[in-house]
Amino acid sequence: MLKFGFNTFISPLFVALSIIVSYNFIRFYEIKTNRLGWLKQWFIEQKKVLISLSIASILGLIYLLFFTEFKLNSLVIVLPFAFMTLFYVIPIFKIGSLEVSFRNFPGLKIFSIAIAWAGISVLFPLYQEGFKFNQSVFIEFMQRVLFLIAITLPFDIRDLPSDSEELKTIPQVLGVHNTKIIGTLLLVFFVLLGFVVQTNLITTFIIAIVTGLFLWFSTVNNSRYYASFWVEAIPIFWLCLIVLFLNN
C-alpha cells in the first residue's frame with residue numbers, strides 16, 4: 001500500500017487479524033491431527049492465550065467489516081485465498097487413506113503459499129482501496145509470487161529430513177543445490193520485473209540480495225530459528241527499507 005501511495009489502516013489491519021485467526025487455526029488443527037512438530041508443546045501451554053487472541057481478532061474483523069468504511073465487495077478477492085488457506089491443512093477430498101490438501105498434494109504446497117500470500121497482500125488491499133488493476137498491479141503480484149517462492153525454499157530445505165517423500169517438494173525432486181539455483185533465478189526475474197515498472201528499484205535489489213544470501217546459506221542442519229525467525233523476518237526488513245526510502 002505504501003508503494004502505491006495509500007495510507008489507511010483498514011486493509012492492513014484486516015490482513016493482520018485474518019492471518020492471526022488462520023495461522024492459529026492451522027496450528028490447532030495440526031495439533032488435533034498430531035502433525036505439529038517442535039512447536040506443539042508451546043502451543044498447548046499457550047492455548048488459552050492463543051484462543052483469546054483469536055477471539056479478539058475475530059471481533060476486530062467483525063468491527064472492520066460492519067463499522068468502518070470496509071467495502072464488503074472486496075471479500076470477493078479474499079475468498080479464493082481464504083479457501084486456499086482453509087484447505088492448506090484440511091483435506092479437500094480423500095483418495096483411499098490419502099488426504100488431499102494444498103499442503104500434502106505433490107508439488108503444490110509452495111505455490112499455494114505464494115499465490116495466497118501474494119493475493120492477500122497485493123490484490124486485496126488495492127481492490128479494497130478502489131485502485132484500478134493495471135500492468136503495475138499484476139507485475140507487483142508476480143514479483144510477490146516469485147519472492148515468496150524463493151523465501152519459502154529455505155523452509156523446504158530445512159524440512160527435508162521430516163517431509164514425506166510423497167510431497168515432492170523442490171529440494172526433494174531436484175536436490176538442495178539445484179533448489180538454490182532455481183531460487184536465485186526467481187530472484188533475478190523478481191528484480192527484472194522491477195525494471196519494467198521503474199519503482200523501488202533499490203529496495204527490490206537489496207531484498208533480492210538478502211533473500212539470496214539466506215537461501216544459499218540454508219542447510220538441513222540450520223538452527224530451527226534460521227528459517228522460522230530470520231527468514232520469516234525478511235518481509236519486515238523489506239517494509240523498513242520501503243519506509244526508509246519513501247522518507248528520503
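In this predicted model, Phe-214 counts as partly exposed, at 21% relative accessibility. That value sits just past the cut-off, because buried means under 20%. Its ring partner Tyr-226 falls on the other side of that limit: at 16% relative accessibility, Tyr-226 counts as buried. Phe-214 and Tyr-226 make a tilted aromatic pair, with 5.6 Å from centre to centre and 55° between the planes. The pair links distant parts of the chain, 12 residues apart, with Phe-214 in helix α9 (residues 201-216) and Tyr-226 in helix α10 (residues 224-231).

## Aromatic pairs

The Phe-214 and Tyr-226 rings have company, since the structure holds 16 aromatic pairs. Another of them brings together Phe-190 and Trp-238, whose ring centres are 5.7 Å apart; their planes meet at 80°, so this pair is edge-to-face. Here too the pair links distant parts of the chain: Phe-190 belongs to helix α8 (residues 176-197) and Trp-238 to helix α11 (residues 234-246), 48 residues apart. Phe-190 is buried, at 0% relative accessibility, and Trp-238 is buried as well, with a relative accessible area of 6%. Elsewhere, Phe-4, Phe-6 and Phe-131 form one aromatic cluster.

## The nonpolar core

Phe-190 also has a role in the core. In soluble globular proteins, nonpolar side chains tend to be buried together. In this model the largest nonpolar core has 55 residues, and the members that touch the most others are Phe-14, Phe-124, Phe-147 and Phe-190. The biggest contribution to this core comes from helix α6 (residues 135-158), with 12 residues.

What does Phe-14 touch beyond four places away in sequence? Its contacts there are Leu-61, Leu-64, Leu-65, Phe-70, Leu-75, Val-78 and Phe-124. Phe-124 turns up again beside Val-15, which is in contact with Ile-120 and Phe-124 once neighbours within four places in sequence are left aside. Val-15 lies in helix α1 (residues 10-32) and counts as buried, at 13% relative accessibility. Val-15 and Pro-125 are 110 residues apart in sequence, yet their C-alpha atoms are 8.5 Å apart in space.

## A nonpolar patch on the surface

Some nonpolar side chains face outward instead. A surface patch of about 910 Å² is made by Ile-51, Ile-55, Ile-58, Leu-59, Ile-62, Tyr-63, Phe-66, Phe-67 and Leu-72. One of these, Phe-66, is placed in helix α3 (residues 47-67). Is Phe-66 buried or exposed? At 54% relative accessibility, Phe-66 counts as exposed, because the cut-off for that class is over 50%.

## Salt bridges

Now for the charged side chains. Side chains of opposite charge can pair when their charged atoms come close. The structure holds four salt bridges, and the table shows three with their N to O distances.

| Salt bridge | N to O distance |
|---|---|
| Glu-140 and Lys-3 | 3.0 Å |
| Asp-156 and Lys-109 | 4.0 Å |
| Arg-158 and Asp-159 | 2.9 Å |

Glu-140 and Lys-3 form a salt bridge that links distant parts of the chain: Glu-140 is in helix α6 and Lys-3 in the segment before α1, 137 residues apart. Glu-140 is buried, with a relative accessible area of 7%, whereas Lys-3 is partly exposed at 22%.

The salt bridge between Asp-156 and Lys-109 has an N to O distance of 4.0 Å. Asp-156 lies in helix α6 and Lys-109 in helix α5 (residues 109-128), so this pair ties together parts that are 47 residues apart in sequence. Asp-156 is buried, with a relative accessible area of 3%, and Lys-109 is buried too, at 10%. What else does Asp-156 contact, leaving aside neighbours within four places in sequence? Besides Lys-109, Asp-156 is in contact with Ile-110, Thr-169 and Pro-171.

Arg-158 and Asp-159 meet through their side chains at 2.9 Å, N to O. Arg-158 counts as partly exposed, at 23% relative accessibility, while Asp-159 is buried, with a relative accessible area of 14%. Finally, shared partners join Lys-3, Glu-140 and Arg-144 into one network of salt bridges.

How values were computed. Residues are numbered from 1 along each chain as its sequence is written. This is a predicted model: local features need pLDDT of at least 70, side-chain atom pairs count only at pLDDT 80 or more; totals for chains, interfaces and linings use all residues. Side-chain values use heavy atoms; hydrogens and water are left out. A nonpolar core is a set of buried Ala, Val, Leu, Ile, Met, Phe, Trp, Tyr and Cys residues joined through side-chain atoms within 4.5 Å. Buried means under 20% relative accessible area, exposed over 50%, partly exposed in between (1.4 Å probe, protein chains only). Helices (H or I, at least four residues) and strands (E, at least two) are DSSP runs, numbered from the N terminus. Contact means heavy atoms within 4.5 Å. Patches are made of residues with over 30% relative accessible area and no salt bridge: like charges are joined within 9 Å, nonpolar side chains (Val, Leu, Ile, Met, Phe, Trp, Tyr) within 5 Å. Accessible areas come from the Shrake-Rupley method with a 1.4 Å probe; for residues, only the protein chains shown count as cover. Rings of Phe, Tyr and Trp (its six-membered ring) pair if their centres lie within 6.5 Å; planes under 30 degrees apart count as stacked, over 60 as edge-to-face and the rest as tilted.
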